[in-house]
Amino acid sequence: MVSKTDSFGFNETKMFQVARDCSPDDHKHTQNLVESKDDMLYVWNAKNCCILVLNWRAAASRKQDELKHQTLIPSAPQNFTVEKILPSTDGTFLALAGPKGVSIIELPRRWGPSGQYQNGKECIICRAYNLDEHLFTESATLELLQIRWHPASPTDSHLLALLSDNSIRVYDVDSLRHVWRIGPTPTPQPVVIGSGSGVGGGCKHGPSASFVGSPGTAAASPGVTSKLAYLNSLGDTAVDFDIAPPRVVSSATGGSGSVGADTTFSPTTTLSTTSSTVTATKPAIAPKEGTLMNDSVIAQKNKKAPNAGAGGTKVEWPIVILRGDGNVYVLCAGIDTNRPKLQGPISIQPQVDDNYGLDSCSLIVIPTLPPTVIIAESTGKTHHALFLEESCPLERSLTSEQLADSNLTLHPCEWYLHVLETVELELGLPSVEETKQAKSYSCPLHLKRDPLNEARYFAYHNAGLHAVTLDFTRPLHEFVQQEGTDELVEKYPLFNSHSRAEYVVCTKALQNANTNAVLGFTLLQSPSGLVLFLASGQVVSLDLITDHSLIRKWPLSGSTKKTGNSESPIKNMLKDSFQKRIQSILRSGLTQPILKLDQTTEPTPQEAFELLTQATRMLRENYFVRHDKARQEIEKREHVLKLLKQQQLNDIEELQTEKQKIRATAERLAETYEDLCDKQNSLFKRAQEVVRLATLRLPKGSFSEKQFTERIEKIHQSVKMLQKNVDQAKQKITTQQMELEMKKKTAKEKTFTLPVKQEDIIKQIIGEMYTQIDSNVKDVKKMNNILNLS
């Protein structure tokens, strides 16, 4: 049954009932055991070590007939605890990861009416590859921190794994391709390139694999353990990474050392190399060197470029790496890169004392224009920064320097981060004691970006789920796309609004209560939604709005027509401003999340009273105060309007008296005007008579009279000419009539005579006709006689 907190009805499905019964034993910290890809929903069964799969779109369309879920069983069991599952970009593989290992499962094919794997087969054994098993078993302190699928993989099979020894390993299914150093190692290691032997018995390493300071040989030594713990305490180990949008650089000046003259590669590596190299065959449309490009465009180019020349351009994917002390590094590398350039630490502007957090835990890169980097701290703070290209890298960065590890070289960074804002998320509902003592709960934050809306990302943790919307992405994108500077600054006032953080689900409301951590979080597409699986077995599924800006632009129904016809613009302006004022007062900066607490134990009366006190305090501090302020504003506005009304009534009375005065004055002026008009008419007539008499007594005519006589003379001449023309026309008419009558007479008198020959022929024909008629008459008479008709 669909509820308000379960819009998709996943709580009642059998798949989540099984997942609820088979939840992991260690469910006190946040994990991600639920993922989705297109219309498939994956859930990890920790008890049976298998994957539960459901086509949620097909299950939603078949309401009466319940669609059964499928079980994917890995062919090779995992020797580690799975805490994260991650499907590949195209949904071909599924990665299983935990602190002590990583495994890749090859997903079966889909067919059938419901779009399930192997036409809905209930249990399917899938091929599984456990990567570097011996590497994790030989080292007690080595842990896997993060995994990412490479978006430019031509076979959708390249997996990047971040280890706690400051290394990133690149796997192509079960083959180790590269080991990239991103920081100081616990102990110096020799560099081996193109080695034929592998590290870790669980991996198949071909000749194409490259190892740079691999920790597999001496990972179990006490010195390495102490050194790794020392690096962790100082925050010198990487904690997370993400892949930024790619850029195109020249293969000659790229500087990543991807293909050397003295390096030999197997055919497999050659395929990987050519897949990420683009030949500049069309200079007219070749991207500018160093410019960031779209992920999907690069992925398509990589998959459609099987043969790339060595002298063309090359695609590099900057890998943004976050360390525990807040420093950010960039690793410029592609899939085929053997020795990438490690740049950093990145300069973060504006500079602060704490370097934007000393307990950083997570990082994501949102592919906006320019890219946005989100850095999260365990205290609940998230920093929003723009990933900008450095015009002069040497101004803010030092020259290349060697670290304690001789195999690692730092290069001047080509980017810098500009922090726009910092958002502090509330981790759980604070108790009264925490509020008084200014103490807050802290836990690692896990970030996940929204694939449908690049201006939104999610943060899930032990205390629930937050949704953060970035307001500067859309105007920033429009600002970058437009041309000009002065007009655009006025048209797009950047960064004048703050991002909005919404506390969607809260799982911690009591200070000493059991932690109801998040065991899985994923986003659904078409329709858009989210699924949250909690340690208590509860499933929260909610619908999501794709873009909040579209709703903000919708006009109120009927508001435009009514205000335009019945009210004045000034009144509309005053009304709208007061409404916005009240709305701004009533608008709360806090969101009330959905409360999902641990249901295994009943809260004590003290805890229940504390929860009630928190709710009461929340209402008093964030709602009652705002309502009181709104009431005061309304009363103040009412008082002002009453005074304005009284003043307007007084003005109306004064205007009425003035109206009477003006009416009396108008009547008096009208009578005076009539008298003046009569006097003016009499004076005008007298003046006319005087002028007439004066003109009669003049010796000569006036100038006007002369003009009048000349005009009359001209008219007389014109009349004579017209009369002459009329007479000529009459004569012509008479002559034409006479000629016409003569022609009529001659036509009547004219006779026609036939030639003699024609006359003889006509006479002959008439004679023959006469004789024929005579013979016919005689025959008729004979017949009458015979028949006695006469």
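Me: Which residues does Leu 447 touch, leaving out those up to four places away in sequence?
Reply: In this predicted model, Leu 447 belongs to the largest nonpolar core and is among the residues there that touch the most other members. Residues up to four places away in sequence are not counted. What remains is Ser 362, Leu 363, Ile 364, Ile 374, Ala 376, Tyr 457, Phe 458 and Ala 459.

Me: Which element gives the most residues to the largest nonpolar core?
Reply: The core has 23 residues, and Ile 374, Leu 445, Leu 447, Tyr 457 and Leu 470 touch the most other members. Two or more residues come from each of β25, β26, β32 (456-461) and β34 (500-506). The element that gives the most, with three residues, is β25.

Me: How many residues does the other core, the one with Leu 160, have?
Reply: This core lies apart from the one to which β25 gives three residues. Among its members are Leu 160, Val 315, Leu 342 and Leu 410. Its count of residues is 22.

Me: Why is one side of β1 and of β10 left without a neighbour in the sheet?
Reply: Five strands form an open sheet with mixed pairing, in the order β1-β2-β3-β4-β10. In that order β1 (34-37) and β10 (123-126) stand at the edges, so one side of each has no neighbour in the sheet. The reason is that each has a single partner strand.

Me: By what angle are neighbouring strands of the sheet β1-β2-β3-β4-β10 turned against each other on average?
Reply: The pairing in this sheet is mixed, and the angle is taken with direction ignored. The average turn between neighbouring strands is 25°.

Me: Which residue in β2 stands opposite Ser 36?
Reply: β1 and β2 (residues 40-45) run antiparallel and are joined by four bridges. Across this pair, the residue opposite Ser 36 is Leu 41.

Me: At about what angle to β2 does helix α1 run?
Reply: Helix α1 covers residues 14-21. It lies across two strands, β2 and β3 (50-55). Its angle to β2 is about 20°.

Me: Asp 38 and Val 173 each have a positive phi; which of them counts as buried?
Reply: Neither residue is a glycine, and phi is about 60° for Asp 38 and about 60° for Val 173. Asp 38 is in the loop between β1 and β2, while Val 173 lies in the loop between β14 (167-172) and β15 (175-181). Buried means under 20% relative accessible area; Asp 38, at 46%, is therefore partly exposed. At 15%, the buried residue is Val 173.

Me: Where is the proline of the cis peptide bond with omega of about -5°?
Reply: A cis peptide bond joins Gly 344 and Pro 345 with omega of about 0°, and Pro 345 is in the loop between β23 (341-343) and β24 (347-349). The bond with omega of about -5° joins Leu 369 and Pro 370. Pro 370 is in the loop between β25 (360-366) and β26 (372-377).

Me: How many contacts does the model have for residues 293-310 beyond four places in sequence?
Reply: The mean pLDDT of the chain is 78, and 74% of its residues reach 70 or more. Residues 254-291 are below 50, with 77 contacts beyond near neighbours in sequence. Where pLDDT is low, the predicted coordinates should not be read in detail. Residues 293-310 also stay under 50, and their number of contacts is 38.

How values were computed: Residues numbered from 1 in each chain as written. Predicted model: local features only at pLDDT ≥ 70, side-chain atom pairs only at ≥ 80, totals over all residues. Heavy atoms only, no water. Pairing = 2+ DSSP bridges. Axes fitted to C-alpha atoms, helices over the stretch in contact; angles between N-to-C directions. Contact = heavy atoms within 4.5 Å. Buried < 20%, exposed > 50% of the residue type's maximum accessible area, 1.4 Å probe, protein only. pLDDT = per-residue confidence, 0-100. Core = buried A, V, L, I, M, F, W, Y, C linked by side-chain atoms within 4.5 Å.
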